[in-house]
Amino acid sequence: MMIIPAAASVRKLNVFKWFLLCTCVLVMYIQWTHIWMLRSEMAEIKHRFRPRDVSEMDGGMCCACCGCKMNGYHRFKETNTHPDIRNKRDVTEEKKQRQRRHKHHPFLHLVPVSTQSNKDEDTTVLSWAVGRSRGNGLQVSGDTVTVVTEGTYFIYSQVLHKHTTCVMGHVITKKLKGAESKLMKCLRSMSINVTNPLNTCYTAGIHFLESGSTLQLSVPRTSAELILTAHATFMGILNI
């Protein structure tokens, strides 16, 4: 049997004691660090969710008859960083920008007023009134639309015909410095074997219109019978 000297046993016991002491110190340090972190979080929570007086509460109440007090808490100060407020601000800003852009885009929607036959050209010309408009880039006078602001325009038109002729339709003519061109045409077959033949003809297109050019809508038939109501017969021009 091997006998360990007493001095060696004492040294091993001391080493074990130091190891145990270091372990305890390390555990205490870890616990202290965790407690410090929890205290920091609690302090931050108290700072954010600090109590305030009833008079500062949103919708707070105090019962005067019983002398009760109601304590309230609020989360954060109302700032522009709140998601709802930021979204409302963004929507408002986008709406303002859209309105500023629209100010530079003339628009004109026309409704019919009357018709006038031109026997020399075998046509019926429509006269218009302004239904909706924006800007001063387009002007209407009687049967003529004058382009003030040059640009690319979306043009649409519809005419409700009441006629027994097999085919009806309309033409939009552009005039500029004495030159005339057929800008858009629309043709529609009519029902001739009915008591009250009705049919609409709608067309639309995108065209570049020079400043000073004029537009006129006409039906290529004298004394054409048309339904002159705003929802059935109309014409519109929109700068894009």
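A good place to begin is the stretch to read with the most care: over residues 54-78, pLDDT stays under 50. The model nevertheless has 27 contacts beyond four places in sequence for these residues. This is a predicted model, and confidence is a useful first guide to it. Strand 2, residues 72-73, has the lowest confidence in the chain, with a mean of 44. At the other end of the scale is strand 6, residues 144-147, where confidence is highest, at 97. For the chain, the mean pLDDT is 81, and 78% of the residues reach 70 or more.

With that in mind, let us turn to the cysteines. How many disulfides does the structure hold? The count is 1 disulfide, and the partners are Cys186 and Cys201, joined with an S to S distance of 1.8 Å. Looking along the link, you will find an angle of -110° about the S-S bond, which makes the connection between Cys186 and Cys201 left-handed. Cys186 belongs to strand 9 (residues 179-189) and Cys201 to strand 10 (residues 199-209), so the pair ties together parts that are 15 residues apart in sequence.

Are the two bonded cysteines buried or exposed? Cys186 counts as buried because its relative accessibility is 7%. Cys201 is buried too, with a relative accessible area of 0%; the cut-off for this label is under 20%.

Two other cysteines, Cys22 and Cys24, make a helpful contrast. Why does Cys22 not bond to Cys24? The closest cysteine sulfur to that of Cys22 is in Cys24, but it is 9.3 Å away, and that is too far for a bond. Seen from the other side, the sulfur of Cys24 has its closest cysteine sulfur in Cys22, at 9.3 Å. A disulfide here would need the two sulfur atoms within 2.5 Å. As for their surroundings, Cys22 is partly exposed, at 49% relative accessible area, and Cys24 is likewise partly exposed, at 39%.

Finally, let us visit the surface. Which residues make the nonpolar surface patch of about 740 Å²? Its members are Leu26, Tyr29, Ile30, Trp32, Trp36 and Met37. Take Ile30 as a guide to this patch: you can find Ile30 in helix 1, which covers residues 6-48. Because its relative accessibility is 51%, Ile30 counts as exposed, a label that applies over 50%. Ile30 is therefore an exposed residue of helix 1 that takes part in the nonpolar patch.

How values were computed: Residues are numbered from 1 along each chain as its sequence is written. This is a predicted model: local features need pLDDT of at least 70, side-chain atom pairs count only at pLDDT 80 or more; totals for chains, interfaces and linings use all residues. Side-chain values use heavy atoms; hydrogens and water are left out. Patches are made of residues with over 30% relative accessible area and no salt bridge: like charges are joined within 9 Å, nonpolar side chains (Val, Leu, Ile, Met, Phe, Trp, Tyr) within 5 Å. Accessible areas come from the Shrake-Rupley method with a 1.4 Å probe; for residues, only the protein chains shown count as cover. A salt bridge is a side-chain nitrogen of Lys or Arg within 4 Å of a carboxyl oxygen of Asp or Glu. Helices (H or I, at least four residues) and strands (E, at least two) are DSSP runs, numbered from the N terminus. Buried means under 20% relative accessible area, exposed over 50%, partly exposed in between (1.4 Å probe, protein chains only). pLDDT is the predictor's confidence in each residue, from 0 to 100. Contact means heavy atoms within 4.5 Å.
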